[in-house]
Amino acid sequence: MTLPNDLASVQLDMIDGSVRTMSEFLDKVVLVVNVASRCGFSPQYGRLETLQRELSPKGFTVLGLPSNQFQQELDSEESIQAYCSITWGVTFPMTKRVELEGPAQHPLYKGLTEYPFADGTSGPVRWNFEKFLLVPDGSVFRIEHDTKPDADGVMHLINSHLPKA
C-alpha cells in the first residue's frame, strides 16, 4: 500500500514547540515510532538513536511520537525531553504527546493504522514502539512493537530504500 497524499499535510506539533508537517519528512526514509518512557521496550530508544546517527546522513530519520495510550508515558513534554536526552541521548525529531486511537486520535495514526502488518492484519496500534517505515515512493511497512528497530529485516527494508550514493 502507498501513503495517501493527505498524510503529507498532517500537522506535527513538535516537542520543542515548533510546528512541522509530514511533508517535511517524506523525502527521506522515515521510521515513525510511538514511544513511551516507562515501557519495557524503552531500551529501543538507544537503538533508534543509533540508527538516527548512523543513517541520517544517508537520507533517513526516526520520528518519535510519545503517547500515553497505554499509561506508560511521562506526564509532561519537558519530562519526556529530559528523560530521552539524559537517558538515551535522543536527537531525532519528536512530537508532543499524541493519541493513537479514540476520538482524539492523531491524524497521522488515523491513516497509518489502515496499513497491515506482514501477516495482513491491521487496526489500532497494539503497543508502544510499534513502527511504520515510510519510504519516498509512498510505500509503508508496518512493524511490530517487539521487533527491534535494528533487526535484520528492518535494516534490510531501510537500506533497500535509502538513496544510492
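Colleague: How many salt bridges does the structure hold, and what counts as one?

Modeller: A salt bridge is a side-chain nitrogen of Lys or Arg within 4 Å of a carboxyl oxygen of Asp or Glu, and the structure holds 6 of them. This is a predicted model, in which local features need pLDDT of at least 70 and side-chain atom pairs count only at pLDDT 80 or more, while totals for chains, interfaces and linings use all residues. Residues are numbered from 1 along each chain as its sequence is written, and side-chain values use heavy atoms, with hydrogens and water left out.

Colleague: Where in the chain do Arg-47 and Asp-150 lie?

Modeller: Helices (H or I, at least four residues) and strands (E, at least two) are DSSP runs, numbered from the N terminus. Arg-47 belongs to helix H1, whereas Asp-150 sits in the loop between strand E6 (140–143) and H4, so that distant parts of the chain, 103 residues apart, are linked by the pair. The closest N and O atoms of this salt bridge are 2.8 Å apart.

Colleague: Are the partners in these salt bridges buried or exposed, taking Glu-77 as one case?

Modeller: Buried means under 20% relative accessible area, exposed over 50%, and partly exposed in between, with a 1.4 Å probe and protein chains only. Glu-77 counts as buried, at 16% relative accessibility, and its partner Arg-97 is partly exposed, with a relative accessible area of 34%. The side chains of Arg-97 and Glu-77 meet at 3.3 Å, N to O; Arg-97 lies in the loop between H2 and H3 and Glu-77 in helix H2, so the pair ties together parts that are 20 residues apart in sequence. For the pair described before, Arg-47 is partly exposed at 31%, and Asp-150 is partly exposed at 29%.

Colleague: Which residues touch the most other members of the largest nonpolar core?

Modeller: In soluble globular proteins, nonpolar side chains tend to be buried together. A nonpolar core is a set of buried Ala, Val, Leu, Ile, Met, Phe, Trp, Tyr and Cys residues joined through side-chain atoms within 4.5 Å. In the largest one, which has 28 residues, those that touch the most other members are Leu-31, Tyr-45, Leu-48, Phe-60, Met-94, Leu-133 and Ile-158. At least two residues of this core come from each of strand E3 (29–35), helix H1 (44–55), strand E4 (60–66), helix H2 (77–88) and helix H4 (152–161). Apart from it lies another core, of 22 residues, including Leu-7, Leu-12, Met-22 and Phe-132.

Colleague: Which residues does Leu-48 touch, and which are in contact with Val-30?

Modeller: Contact means heavy atoms within 4.5 Å. Not counting residues up to four places away in sequence, Leu-48 touches Leu-31, Val-33, Val-35, Val-62, Phe-92, Phe-129 and Pro-149. Val-30, in strand E3, is buried at 0% relative accessible area, and, with neighbours within four places in sequence left aside, its contacts are Phe-25, Thr-61, Leu-63, Phe-132, Leu-133 and Leu-134. Val-30 and Leu-63 are 33 residues apart in sequence, yet 6.7 Å apart in space, C-alpha to C-alpha.

Colleague: What is the phi of Gln-71, and what is that of Phe-129?

Modeller: Most residues other than glycine have a negative phi. Gln-71 has a positive phi, near 60 degrees, and Phe-129 also has a positive value, of about 75 degrees. Gln-71 lies in the loop between E4 and H2 and is exposed, with a relative accessible area of 60%, whereas Phe-129, in the loop between helix H3 (107–112) and strand E5 (131–134), counts as buried at 0% relative accessibility.
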